[in-house]
Structure formats: C-alpha cells, structure tokens
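Grab a pencil and keep the viewer open. Below are some short exercises, each with a worked solution to follow step by step.

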Amino acid sequence: LVTSSLYVHSDDGWLYRLDAASGKQRWKVRLEPDSVVRIPIDQPDSRYDFYGSGVAAWGGALFVGTHDGRVLALDPEDGHTLWSATTGGPVLATPGLADGRVFVGSYDGRVYAFDAGIGERLWTFDTGAAVTATPTPDRGVVVIGSRSYDLYGLDAVTGVPRWNRYVWYSWIESSARIVDGIAYVGSSDASRLFAIESTTGDQHWESDLH
C-alpha cells in the first residue's frame with residue numbers, strides 16, 4: 001500500500017494520503033495543531049523556514065517531521081501515530097533512515113537519532129546552527145550540513161563526528177546525494193557543488209556553479 005500511495009504534508013497542518021494512480025484521497029491526519037505560519041524572507045525576523053518535511057517509509061511505518069518540533073512515526077494504513085518524539089525546534093527536512101534508526105535535523109541546531117521502532121532518543125549532536133537538510137546515512141556515517149557553514153560525517157551509532165569540512169560563510173542546506181560512497185552536496189553562498197568521500201570526508205572535487 002505504501003508504494004501505491006502519494007503522501008503530501010501540507011502547511012494547512014494535515015498529512016494527506018492519495019492514491020498514486022487516481023489521486024483519490026485515502027485518508028488525512030492532522031500533524032500540526034494549526035496551520036503553519038511562515039514569516040516572509042524579506043521581513044527582518046524571518047527564519048528562512050521555507051522548507052517542509054517529506055515522508056519517509058521504513059519497516060512498515062511512515063516517518064515525518066513537523067514545524068512544531070516533533071518527529072512522528074505513523075501507521076501507513078490509517079495514519080495513526082505509532083510514536084512521537086520532540087526536538088528543540090522545527091524539523092523541516094525529511095528524516096533519514098538506516099539500520100533501524102531515524103535521523104533528523106532541527107532548527108535548534110542539533111542532529112537527532114531515534115530508534116525507528118519505539119522512538120527512543122539514541123543520541124544528539126549540536127552543530128551550532130539550524131539544520132535544514134535531510135541527514136543522509138551511508139556505510140555507518142550520516143552526512144549532514146548546517147547553517148554553521150559545516151558539513152559533517154557523524155558516526156551513525158554514536159553521533160560522534162568522524163570528519164568535518166568548513167565552507168567559508170556558506171550555509172549548507174542541500175541534502176547529500178550519495179552514490180557509490182561519494183556524497184554530492186551543494187552550498188548556498190559559496191555556490192559550489194562538492195564531491196566528498198562519505199566515510200572519510202576526503203574531497204574528490206568541487207565545482208563553482210557561479
């Protein structure tokens with residue numbers, strides 16, 4: 001049923017399950033207590049929070065982050081909550097999943113790992129600035145960027161950094177795409193694309209995209 005469905009997380013506070021072939025609504029569940037209010041980026045108090053978590057599927061459950069700082073595991077059959085865990089800020093990127101763990105970044109600057117089955121918090125790592133990308137696990141390492149201008153490779157079991165690359169005054173908000181052990185990730189103000197070994201942080205190349 002999961003593969004035949006489309007899940008849409010809307011700023012109206014609801015998660016919708018649609019039939020992928022017909023678009024017919026199968027169910028909807030409220031994830032946020034109210035509609036999400038985002039401050040426009042041209043306002044001085046904007047948080048640049050123009051992202052929203054997608055839905056990830058693993059082990060017969062759905063996983064999604066919320067603007068009010070929660071991570072939810074949902075039953076794909078009817079959308080009821082299997083477990084809920086909290087972070088210190090909005091979770092605006094899709095959770096990453098591997099080996100029974102759920103990895104999320106939060107606006108509180110931390111990366112979190114939860115047990116996918118019961119929602120127990122396994123570890124946290126503080127990057128020092130908002131984390132708005134999907135943590136991408138590969139070969140025991142979680143690759144994740146931060147608005148602290150850092151790209152990290154965190155140990156998937158402990159959360160301890162295995163490597164770190166600093167990109168001068170440039171938010172790293174794109175989620176890494178990993179192919180054959182190479183993480184491809186972009187950086188905003190630097191306007192560059194990097195190819196980095198996921199387990200060691202060794203750089204293969206970088207390209208200036210202007």
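## Getting the overall picture

The protein chain has 19 strands and zero helices. Keep in mind that this is a predicted model.

**Exercise 1.** Work out how the protein chain's radius of gyration compares with the globule rule for 210 residues.

*Solution.* Start with the rule: for 210 residues it gives 17 Å. Next, take the value for the model, a radius of gyration of 17 Å, which is close to the rule, so the protein chain is as compact as a globular protein of that length. Then look at the outline: along the principal axes, the C-alpha atoms fill a box of roughly 45 × 40 × 35 Å. Buried residues account for 50% of the 210 residues. Finally, turn to the contacts between residues at least 6 apart in sequence: 35% of them join residues at least 24 apart.

## Strands and sheets

**Exercise 2.** Find which strands stand at the edges of the open sheet that has the order 16-17-18-19.

*Solution.* First, lay out the sheet: it is open, has four strands and uses antiparallel pairing. Now check the ends: strand 16 (177–179) and strand 19 (203–208) each have a single partner strand, so one side of each is left without a neighbour in the sheet. From one strand to the next, the twist averages 20°. As a last step, zoom in on strand 18 (residues 192–197), which pairs with strand 19 in the antiparallel sense over five bridges. If you pick Ala195, its bridge partner in strand 19 is Trp205. As background, strands of a sheet pair through backbone hydrogen bonds, either parallel or antiparallel.

**Exercise 3.** Describe the hairpin of strand 10 and strand 11, and find the glycine there that takes a positive phi.

*Solution.* Begin with the pairing: strand 10 (residues 110–115) and strand 11 (residues 121–126) run antiparallel and are joined by five bridges. Next, find a pair of facing residues: Arg110 stands opposite Asp126 in strand 11. Then move to the turn, where five residues sit between the strands, and Gly119 takes a positive phi near 85°. Before leaving strand 10, locate Ala113: its C-alpha atom is separated by 8.9 Å from that of Thr158, 45 residues apart along the chain. Thr158 itself lies in the loop between strand 14 and strand 15, and at 42% relative accessibility it counts as partly exposed.

## Aromatic rings

**Exercise 4.** Among the 14 aromatic pairs in the structure, look at Tyr7 with Trp27 and decide what kind of pair they form.

*Solution.* Take the geometry first: the rings of Tyr7 and Trp27 are 6.0 Å apart centre to centre, with 50° between the planes, and the pair is tilted. Next, place the partners: Tyr7 is in strand 1 (residues 5–9) and Trp27 in strand 3 (residues 25–30), so to speak a link between distant parts of the chain, 20 residues apart. Both Tyr7 and Trp27 are buried.

**Exercise 5.** Do the same for Tyr149 and Tyr169.

*Solution.* The ring centres of Tyr149 and Tyr169 are 5.1 Å apart and the planes stand at 40°, so this pair is tilted. Tyr149 belongs to the loop between strand 13 (141–145) and strand 14 (150–155), and Tyr169 to the loop between strand 15 (161–166) and strand 16, so the pair ties together parts that are 20 residues apart in sequence. Now for exposure: Tyr149 is partly exposed, with a relative accessible area of 22%, and Tyr169 is partly exposed at 48%.

**Exercise 6.** Which charged residue lies over the face of Trp171?

*Solution.* First, find Trp171 in an aromatic cluster that it forms with Tyr48, Phe50 and Tyr51. Then look above its ring: Arg147 lies over the face, at 4.0 Å from the ring centre. Elsewhere, Lys28 lies over the face of Trp14, at 4.4 Å from the ring centre.

## Backbone angles

**Exercise 7.** What is the phi of Asp99, and is Asp99 buried or exposed?

*Solution.* Asp99 has a phi near 50°, a positive value in a residue other than glycine. Asp99 sits in the loop between strand 8 (96–98) and strand 9 (101–105). Exposed means over 50% relative accessible area; Asp99 has 69%, so Asp99 is exposed. Tyr149 also has a positive phi, about 75°, although it is not a glycine.

Methods:
Residues are numbered from 1 along each chain as its sequence is written. This is a predicted model: local features need pLDDT of at least 70, side-chain atom pairs count only at pLDDT 80 or more; totals for chains, interfaces and linings use all residues. Side-chain values use heavy atoms; hydrogens and water are left out. Two strands pair if DSSP finds at least two bridges between them. Helices (H or I, at least four residues) and strands (E, at least two) are DSSP runs, numbered from the N terminus. Axes are lines fitted to C-alpha atoms, for helices over the stretch in contact, and angles run from 0 to 180 degrees between N-to-C directions. Rings of Phe, Tyr and Trp (its six-membered ring) pair if their centres lie within 6.5 Å; planes under 30 degrees apart count as stacked, over 60 as edge-to-face and the rest as tilted. Buried means under 20% relative accessible area, exposed over 50%, partly exposed in between (1.4 Å probe, protein chains only). A charge sits over a ring if NZ of Lys or CZ of Arg is within 6 Å of the ring centre and within 35 degrees of the ring normal. The radius of gyration is taken over C-alpha atoms; the globule rule is 2.2 Å times the number of residues to the power 0.38. Contact means heavy atoms within 4.5 Å.
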